[in-house]
Amino acid sequence: MSREMLKDRVAIITGAGQGLGRTVAAEFAGEGCAVAIVDINPQTLGGVETELKEKGHTVMGYPLDITDHKAYGEAIDDVAKKWGHIDILVNNAAISLYGTILDDSLEHWRRQMSVNLEAVYMGTKMVVPYMVQQKFGRIINIASIQGFLSSGQCGAYNAAKGGMINFTKSLAVELAPYNIAVNAVAPGFMRTPMALINGVQESEMPDFQTWYVEKRHIPMARTGYPEDISGTVVFLASDYCRYMTGALLVVDGGLSSTF
Ligand SMILES: NC(=O)c1ccc[n+]([C@@H]2O[C@H](COP(=O)([O-])OP(=O)(O)OC[C@H]3O[C@@H](n4cnc5c(N)ncnc54)[C@H](O)[C@@H]3O)[C@@H](O)[C@H]2O)c1
């Protein structure tokens with residue numbers, strides 16, 4: 001569906017080795033965008049880089065842990081040096097570790113906060129000076145409906161996503177004078193590697209099928225695919241998104257509209 005909506009733009013996408021980040025990278029590249037893809041997993045990232053290069057797209061892979069702020073900062077500076085500007089940042093990489101307040105650990109809390117929130121702060125802080133200089137930027141934060149709802153057992157993840165939603169609004173206010181728009185997307189259940197529980201897709205489990213599909217607690221009666229979300233991210237990065245900042249776009253098949 002390429003319309004070259006992101007022609008000549010440069011984007012950094014974190015967590016692009018698989019799942020939603022991978023699909024966003026492919027769609028951005030297909031829309032004419034040069035993509036700098038970041039992931040902690042060099043194997044999956046290398047696969048995406050090779051695939052996109054073979055299709056003739058402009059892509060550069062940066063295998064690194066975004067909580068390593070020095071390595072992440074060097075990658076950001078390298079993108080600006082190579083391609084001359086950074087127009088779009090998609091803060092997508094995240095981890096989710098299950099546990100209740102009774103059995104979870106401070107170590108889990110800290111790791112989720114450092115990947116899901118602190119690295120978002122640091123990555124944004126390091127990219128924004130380039131956007132301010134060019135008086136243009138689009139920052140898209142991939143949050144979750146768990147940032148404002150909860151199914152329990154992932155307090156740290158939910159707290160980080162809730163923080164991300166409010167951080168989005170704060171940045172939107174601070175950065176509007178520089179023509180930088182900051183928006184967030186909240187996916188519902190998505191069919192990606194993150195949704196594997198003991199090797200089984202959450203959406204294929206009998207309870208999920210009964211409650212969310214047959215009883216239509218997801219009104220659209222299915223889980224979402226990365227392709228159901230990535231178009232929203234393309235829109236937020238494109239010139240069609242001119243007068244929207246600080247918004248949270250919920251893409252969940254209607255799940256958060258039911259009770
Ligand atoms: N899967 C879902 O149901 C769901 C629902 C709502 C929101 N989300 C959000 O969507 C985004 C994408 O999720 P996904 O389902 O594609 O997840 P995923 O686990 O399939 O992919 C996440 C990617 O991030 C990378 N990553 C993790 N920690 C990293 C780090 N420290 N440094 C660099 N890269 C790192 C992983 O290697 C992986 O490639 C996340 O922000 C997630 O919270 C997912």
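Colleague: Let me fix the term: a residue is buried if 20 or more other C-beta atoms lie within 10 Å of its own. With that cut-off, how many residues of strand 6 are buried?

Modeller: Eight of its eight, so strand 6 is mostly covered. Keep in mind that this is a predicted model.

Colleague: Which residues of strand 6 sit on which side?

Modeller: I180, V182, A184 and A186 are on one side. A181, N183, V185 and P187 are on the other. Both faces are covered.

Colleague: And the general rule behind that split?

Modeller: In a regular strand, side chains alternate between the two faces of the sheet.

Colleague: Take V182. Why does V182 count as buried?

Modeller: V182 counts as buried because it has 28 C-beta neighbours inside 10 Å, and the cut-off is 20 or more.

Colleague: What is V182 in contact with, leaving aside neighbours within four places in sequence?

Modeller: I139, T168, L171, A172, L175, T245 and G246. Look at L171: eleven residues separate it from V182 in sequence, and the C-alpha to C-alpha distance is 6.5 Å.

Colleague: Which strand does strand 6 pair with, and over how many bridges?

Modeller: Strand 5, over six bridges, and the two run parallel. N141 has A184 in strand 6 as its bridge partner.

Colleague: Step back to the sheet. What is the strand order?

Modeller: Seven strands, in the order 3-2-1-4-5-6-9. The sheet is open and the pairing is parallel. Strand 3 (59-63) and strand 9 (248-251) are the edge strands, each pairing on one side only. From one strand to the next, the twist averages 15°.

Colleague: How many bridges join strand 1 to strand 2?

Modeller: Five, in the parallel sense, with strand 1 covering residues 10-14. T14 has V38 as its bridge partner in strand 2.

Colleague: And how many join strand 1 to strand 4?

Modeller: Three, again parallel. I13 is matched with V90 in strand 4. V90 also stands opposite I140 in strand 5. Strand 4 and strand 5 pair over four bridges, in the parallel sense.

Colleague: Are the residues of strand 4 buried or exposed?

Modeller: Buried. I88 and V90 point one way, L89 and N91 the other way, and all of these are buried.

Colleague: Now the helices. Which strands does helix 2 lie across?

Modeller: Helix 2 (residues 42-54) lies across strand 2 and strand 3. Its angle to strand 3 is about 175°. Helix 4 (residues 106-134) also packs on the sheet, touching strand 1, strand 4, strand 5 and strand 6. The direction of helix 4 makes about 175° with that of strand 4.

Colleague: How many residues are in the largest nonpolar core?

Modeller: It has 73. Those with the most contacts inside it are A11, I12, I13, A25, F28, V35 and I37. Helix 4 gives the most to this core, with eight residues.

Colleague: What does A25 touch?

Modeller: I13, A16, V35, I37, V48 and L52. That leaves out residues up to four places away in sequence.

Colleague: On to the ligand. Which residues come nearest?

Modeller: G15, G19, A94, T192 and M194, out of 29 residues around the ligand.

Colleague: How do the residues of that shell divide?

Modeller: Into 15 nonpolar, twelve polar and two charged.

Colleague: Which element gives the most to the shell?

Modeller: Helix 1, with three residues. Both helix 1 (19-30) and strand 2 (34-39) supply at least two residues.

Colleague: Last topic, the backbone. What is phi at D8?

Modeller: About 65°, which is positive although D8 is not a glycine. D8 is in the segment before strand 1.

Colleague: Is D8 buried or exposed?

Modeller: Exposed. D8 has 12 other C-beta atoms within 10 Å, and exposed means 12 or fewer.

Colleague: Where does A221 lie?

Modeller: In the loop between helix 6 (206-214) and helix 7 (226-237). A221 is another residue other than glycine with a positive phi, near 55°. A221 is partly exposed, with 14 other C-beta atoms within 10 Å.

How values were computed: Residues numbered from 1 in each chain as written. Predicted model: local features only at pLDDT ≥ 70, side-chain atom pairs only at ≥ 80, totals over all residues. Near = placed C-beta within 6 Å. Nonpolar A, V, L, I, M, F, W, Y, C, P; charged D, E, K, R; others polar. Pairing = 2+ DSSP bridges. Axes fitted to C-alpha atoms, helices over the stretch in contact; angles between N-to-C directions. Contact = placed C-beta atoms within 7 Å. Core = buried A, V, L, I, M, F, W, Y, C linked by C-beta atoms within 7 Å.
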